[in-house]
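Subject: Structure handover

Hello,

Here is the structure we talked about. Please open it next to this note. My findings follow below.

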Amino acid sequence: MCYYVAFSVISIALTAFLYPLIYNNTTWNPYAVWIAAWSGTTFVMYGFDWLLSKMGNVSTPDLIFYILCALGGFPGAWLGIFAFRGKLKFLDNVRLYGVLILSMVGHGLLTYHWFVRPLTGP
């Protein structure tokens with residue numbers, strides 16, 4: 001339980017730092033900034049998980065990665081998986097890949113509904 005709280009606080013603090021930093025320095029849409037901030041956080045958490053696994057037996061709980069992906073960190077998750085070569089075995093991480101795919105589809109549908117569809121009319 002302590003790991004869940006610690007990793008959640010780290011994730012939220014990092015996103016709370018990244019969001020205004022990206023928003024104030026770009027002209028991006030707030031939704032794009034949201035995705036970028038959560039992706040950056042997810043990528044850093046994969047690196048943090050890799051570092052902790054090299055140092056000892058502590059690992060970031062998978063639930064944290066599921067939540068980060070669902071909140072919009074799926075691009076950072078894909079980058080983190082391949083950059084740090086963690087959680088590559090599909091059969092060992094079926095739930096993670098399922099959440100990643102559902103997050104991509106869900107956020108893609110949100111993007112279409114909010115940005116593309118209003119431009120084409122009713």
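**Helix packing**

H1 and H2 cross in a right-handed sense. Their axes come within 8 Å, at a crossing angle of roughly 140°. H1 is therefore oblique to H2. One caution before the rest: this is a predicted model.

Some context on the fold. The protein chain has 4 helices and 0 strands. Read from the N terminus, the order of elements is α-α-α-α. The chain has 122 residues, and 32% of them count as buried.

Next, H2 against H3. H2 covers residues 30-55 and H3 covers residues 62-83. Their axes come within 7 Å and cross at roughly 60°. That angle falls outside the 65 to 115 degrees that count as roughly perpendicular, so the two helices are oblique to each other. The crossing of H2 and H3 is right-handed. What kinds of residue make up the contact of H2 with H3? The split is 15 nonpolar, 7 polar and 1 charged.

H1, which spans residues 2-25, also packs on H3. Here the angle is about 30° and the axes are 10 Å apart. Angles under 35 degrees count as roughly parallel, so H1 is roughly parallel to H3. The crossing of H1 past H3 is right-handed.

**The bend in H3**

Please look at H3 with care. How far apart are its end C-alpha atoms? They are only 18 Å apart, although H3 has 22 residues. A straight helix would reach 32 Å at 1.5 Å a residue.

Where does H3 bend? The bend is at Gly 73 and comes to about 125°. A proline, Pro 75, follows within four residues. Gly 73 is also buried.

The buried residues of H3 include several glycines: Gly 72, Gly 73, Gly 76 and Gly 80. Also buried in this helix are Ile 64, Phe 65, Tyr 66, Leu 68, Cys 69, Phe 74, Ala 77 and Ile 81. Leu 71 sits in H3 too. Leu 71 has a relative accessible area of 31%, so it is partly exposed.

After H3 comes Arg 85. Its phi is positive, near 50°.

**Pairs far apart along the chain**

Three pairs are worth displaying.

- Pro 61 and Tyr 3: they are 58 residues apart along the chain, with C-alpha atoms separated by 7.3 Å. Pro 61 lies in the loop between H2 and H3. Is Pro 61 buried or exposed? Its relative accessibility is 11%, so it counts as buried.
- Leu 71 and His 107: their C-alpha atoms are separated by 9.0 Å, and 36 residues separate the two along the chain.
- Ile 101 and Ala 70: these are 31 residues apart along the chain, and their C-alpha atoms are separated by 9.7 Å. Ile 101 is in H4, which runs over residues 94-120. At 47% relative accessibility, Ile 101 counts as partly exposed, because the label exposed is kept for values over 50%.

**Where to start**

I would open H3 before anything else. Begin at Gly 73, where the helix bends by about 125°. Then turn to the contact of H2 with H3 and its 15 nonpolar residues. Finish with Pro 61 in the loop between H2 and H3, and its C-alpha separation of 7.3 Å from Tyr 3.

Best wishes

Technical notes. Residues are numbered from 1 along each chain as its sequence is written. This is a predicted model: local features need pLDDT of at least 70, side-chain atom pairs count only at pLDDT 80 or more; totals for chains, interfaces and linings use all residues. Side-chain values use heavy atoms; hydrogens and water are left out. Axes are lines fitted to C-alpha atoms, for helices over the stretch in contact, and angles run from 0 to 180 degrees between N-to-C directions. Angles under 35 degrees count as roughly parallel, over 145 as roughly antiparallel, 65 to 115 as roughly perpendicular and the rest as oblique. A crossing is left-handed if the near helix is turned anticlockwise from the far one by less than a right angle, and right-handed if clockwise. Ala, Val, Leu, Ile, Met, Phe, Trp, Tyr, Cys and Pro count as nonpolar, Asp, Glu, Lys and Arg as charged, and the others, Gly among them, as polar. The expected span of a helix is 1.5 Å times one less than its number of residues. The bend at a residue is the angle between axes fitted to the seven residues ending there and the seven starting there. Buried means under 20% relative accessible area, exposed over 50%, partly exposed in between (1.4 Å probe, protein chains only).
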